[in-house]
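Reader: I would like a close look at a single part of this model, followed outward into its surroundings. Please take the time to connect the pieces rather than list them.

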Amino acid sequence: DEFIDVLRNSSSVMQAGARMLSGLSGDVKIPKKATASASSWVTEGNPVSESEMTTSSISMTPRHLGAFTDITRQLLQQSSLSVESLVRDDLAQAIALAIDLGALQGDGTGGAPTGIKNASGINVVDFGVGITVPSFAQVVEMETKVAEDNALSGNLSYIMNAAMVGALKTTEKATGTAQFVVEPGGTVNGYRAILSNQAASGDAFFGNFNDLLIGFWSGLDILVDPYAGATSGNVRIIAMQTCDVAVRHAVSFCLGQDVI
């Protein structure tokens, strides 16, 4: 009961309110209105100009994430802890954080999803070459870019790592004001600031995280395999989950980053 667990990153997008879709089956296409109809003024006796909305879709495809651990026969026999339960919990947390990281900054290669950082069409603010902490003006610029695209609504939050949050707690909004970028209560310019080391050094994310979809085709599947290491008495525990990530509106997000 005094077992000491490992220290892990806290979740980022899941904590920020990403939208979860469960029970999916097959490839999923979600209809999306790409452009809206437009109205126009007309003079007497003249027809109104034709204007039609256009549609597109967002696709989600099953992607598989897994991990496994082998437990030795001796550990099973000598441990006073429930080793199997301990390993199951460890694998479950590893899978959850991997999904969270993929949704934040997955690059779309090697079976990984395409996260917010690499999604096409998101807003970007460059902090400057080698600058890993934004100024207050750059923070406001991130919000402004989202507002200019009519996306400043919903679950609006910042995600930053510990180093950036720590620096912004001592960065004044303007010299001599004693008002700092990270405000009392853990907000930035009135918006929630989530501290998570899932964000890479020099990266700050802002946006409506309700426009981030995480889809699940399965629950967390746990398989106990007593056969793979049977000749040595080992037991293998395997965890698998099938999921994908999609962004409803890329302009709902802004990435602030240092320019390398």
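In which helix is Glu143 found, and what can be said about its surroundings?

Author: The model is a predicted one, and what follows should be read with that in mind. Glu143 belongs to helix H4, which covers residues 136-148. Although Glu143 is buried, it has no salt bridge, and the nearest side chain of opposite charge, that of Lys173, is 9.0 Å away. Once its neighbours within four places in sequence are left aside, Glu143 is in contact with Leu152, Tyr158, Val188, Asn189, Tyr191 and Phe206.

One of these contacts, Val188, leads to the nonpolar interior. A core of 30 residues is the largest in the model, and the residues with the most contacts inside it are Val13, Ile159, Phe205, Phe209, Leu212 and Ile214. At least two residues of this core come from each of helix H1 (13-16), H3, strand E11 (212-216), strand E13 (235-247) and E14, and H3 gives the most, with seven residues. Apart from this core lies another, of 19 residues, and Val188 is among its members, as are Val125, Leu156 and Val181. Nonpolar side chains in soluble globular proteins tend to be buried together.

Phe209, one of the residues with the most contacts inside the largest core, illustrates how segments distributed along the sequence are brought into contact. Not counting the residues within four places in sequence, Phe209 is in contact with Val13, Ala16, Gly17, Ala18 and Arg19, and also with Ile116, Asn155, Ser157, Ile159 and Phe253. Two of these partners, Val13 and Ile159, are themselves listed with Phe209 among the residues with the most contacts inside the core.

Strand E14, one of the contributors to the largest core, runs over residues 253-259 and is mostly covered, five of its seven residues being buried. Its pairing involves E5 and E10: strand E5 (residues 123-129) pairs with E14 in the parallel sense over six bridges, whereas strand E10 (residues 203-208) pairs with E14 in the antiparallel sense over five bridges. Gly256 takes part in both pairings, being the bridge partner in E14 of Val125 and also of Ala204. Val125 has already appeared as a member of the 19-residue core. Phe206, which is in contact with Glu143, has a number that falls within the range of E10, residues 203-208. Cys254, whose number falls within the range of E14, counts as buried because its relative accessibility is 1%; Cys243 counts as buried as well, because its relative accessibility is 10%. The count of disulfides nevertheless comes to zero.

Helix H3 deserves its own paragraph, as the element that gives the most to the largest core. It spans residues 83-105 and includes Leu97, which counts as buried because its relative accessibility of 19% is under the 20% cut-off. Leu97 and Ser10 are 87 residues apart in sequence, yet their C-alpha atoms are 7.9 Å apart in space. Beyond residues up to four places away in sequence, Leu97 touches Arg8, Asn9, Ser10, Ser11 and Gln198.

Arg8, one of the residues that Leu97 touches, brings the description back to charged side chains. Asp90 forms a salt bridge with Arg8, with the closest N and O atoms 2.5 Å apart, and this pair links distant parts of the chain, since Asp90 is in helix H3 and Arg8 is in the segment before H1, 82 residues apart. Arg8 also forms a salt bridge with Asp5, where the closest N and O atoms are 3.8 Å apart. Salt bridges that share partners thus join Asp5, Arg8 and Asp90 into one network. In contrast to the buried Glu143, Arg8 counts as partly exposed because its relative accessibility is 28%, and Asp90, at 32%, counts as partly exposed too, as does Asp5 at 39%.

A search of the whole structure finds seven salt bridges. Another of them is formed by Arg236 and Asp70, with the closest N and O atoms 2.6 Å apart; here strand E13, which holds Arg236, is linked to strand E4 (residues 63-71), which holds Asp70, across 166 residues. Arg236 counts as partly exposed at 24% relative accessibility, and Asp70 is partly exposed with a relative accessible area of 37%. Glu143, by comparison, is buried and has no salt bridge.

Definitions and conventions
Residues numbered from 1 in each chain as written. Predicted model: local features only at pLDDT ≥ 70, side-chain atom pairs only at ≥ 80, totals over all residues. Heavy atoms only, no water. Helix = DSSP H or I, 4+ residues; strand = E, 2+ residues; numbered from the N terminus. Buried < 20%, exposed > 50% of the residue type's maximum accessible area, 1.4 Å probe, protein only. Lys, Arg positive; Asp, Glu negative; His and termini not counted. Salt bridge = Lys/Arg side-chain N within 4 Å of Asp/Glu carboxyl O. Contact = heavy atoms within 4.5 Å. Pairing = 2+ DSSP bridges. Core = buried A, V, L, I, M, F, W, Y, C linked by side-chain atoms within 4.5 Å. Disulfide = S-S within 2.5 Å.
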